[in-house]
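Hi there,

Here is the structure I promised to pass along. Have a look at it first, and then read my notes below.

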Amino acid sequence: MATVASVSLLSEAEFGCEHLASILMQDGPANSQFKTSFIKTHNALGRRDALSKAAPSVLLKPRYTCVTCSEPFMNGDRRTHTEKTGHQFYMESRSRALFCQGCEDLVYDHGLERSRSSTPESSLEVAKRRRFSDSSTDELYVKSNANKRPCAKQGVRGLFNLGQTCYLNVILQTMLHDPILNTYFLGNGHQPHDCTIPDCIGCAVAEAFADFNSIDKPEGFAALNLLLASWRASPALAGYHQQDAHEYYQFLVDKLHASAEGHREGHEKGCHCFFHRTFYGKLRSSVTCDKCGNVTKTEDPIVDLSLDVQAKKRAMGGGSGASTTSTLGECLESFTSPEKLVSGIYNCDGCGGTPQKATKQLQIKKLPAILCMQLKRFEHTLAVSEKVEGRIDFPLAINMLPYTTNPDTAVDKSRYVYDLSSAVVHKGKLDAGHYYVYCRQGEEWMLFNDDQVTPVTEAEVLGVDAYLLFYNLRYLSTAPP
């Protein structure tokens, strides 16, 4: 969202954003020139004949006219023009609202609005408008209600179960309460009116964010379009039967990545789209030959870490008579600890391609901004499939540095600190269960059980038998490479 530069004693937002403030606070010609260009662009867009020759397909999408040079651009071309010329402000063709490319959002400034309303227009246009003045009810309302989150609802909303859709609800609630994703979707990161992807998952999620944050709808809502788009994108998801929340999370991340502008399909090509940088990490596998010491390294993209919840029990030979309650740290240590490979499955290049005993180790090469960790509770063997019960202690914050490939012990550890944002729980049996989720809402925690929302304490959250844990990188500005 665009930020408010300052607020007076009357709660009056002085400027639409910090970029606008840097111009309007000047006493020189730049200030008056910008205001003149603003009015000129406003009046030009007000003339209906300016768009009369446009093709109908163009009129369906807004155009953005550069306030500085009067050149019109479609949504995707604004950034290129700003990078090339330094021009930051545009006027949207349909509402003639001011758009700041620096904020990547529409901004409102009451001073500019006053000058806009005072410009000479046709008598019909004047009749349709009520003129703003310093004492008008309209402007006083805007001034007193301007804040840093003008379109956000301070509260929580549940999601209706549409028939065995609790797996979708918990993943969507996790995303709706993530500050990184809120910044993206509420800041027009994905714009459905510009999207040409059929049954786009990104459009459906963007709609859910808009509906969830609707200020006039405190009751629960149904993510019907996301459900239908998911069904069309994956036949395995279609129908009213229970799905695995972890698998749905992987599906949703993959489809969001595919909906991003400028994304690359092959992860090895180095995609730099928003969703790739947010969700995708990289895992390194190192296999060391026990005979010659030759090391073979491979790296693969990951969207989560799947951790063995019975690692401690297995290490204790079954755990008979001893407590087998593990911690998340122990699960991560087990995940990244070296393990001996069965003799004969590794052919060493250093030994002429002959089978050798070897040691394998997994480490995290690159951490994502949103880190999902699955505590594997469903085990499948040739004989039986069963659910693994048992609580895993997990913290509110965790340092991921020990589980990475970074050998520098003197590195700033704060760059690797993650804070818990959500915990998904599965109750019931393997083939007949129910999902609910605990999400952080500001400084509080809420339990979302479909459309039922209940405030809970941190102690309650830390005491659950979690299935999925979501952690957010604490300092995005100092994220590790």
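Here is what I found in it.

This is a predicted model, in which local features need pLDDT of at least 70 and side-chain atom pairs count only at pLDDT 80 or more, while totals for chains, interfaces and linings use all residues. Residues are numbered from 1 along each chain as its sequence is written, and side-chain values use heavy atoms, with hydrogens and water left out.

Let me start with helix 4, residues 78-85 (helices, H or I, of at least four residues and strands, E, of at least two are DSSP runs, numbered from the N terminus). Arg78, His81 and Thr82 are buried there (under 20% relative accessible area; exposed is over 50%, partly exposed in between, with a 1.4 Å probe and protein chains only). Down the axis of helix 4, these buried residues fall within an arc of 100°, so they line one face (the arc is taken from the directions from the helix axis to the C-beta atoms). The face turned away carries the exposed Thr80, Glu83 and Lys84. Just after helix 4, Gly86 has a positive phi of about 85°.

Now the cysteines. A search of the whole structure gives 0 disulfides (pairs of cysteine sulfur atoms within 2.5 Å). Cys200 is in no disulfide, and the nearest cysteine sulfur, that of Cys195, is 3.7 Å away. Cys200 is buried at a relative accessible area of 7%, and Cys100 is buried at 0%.

Happy browsing, and best wishes!
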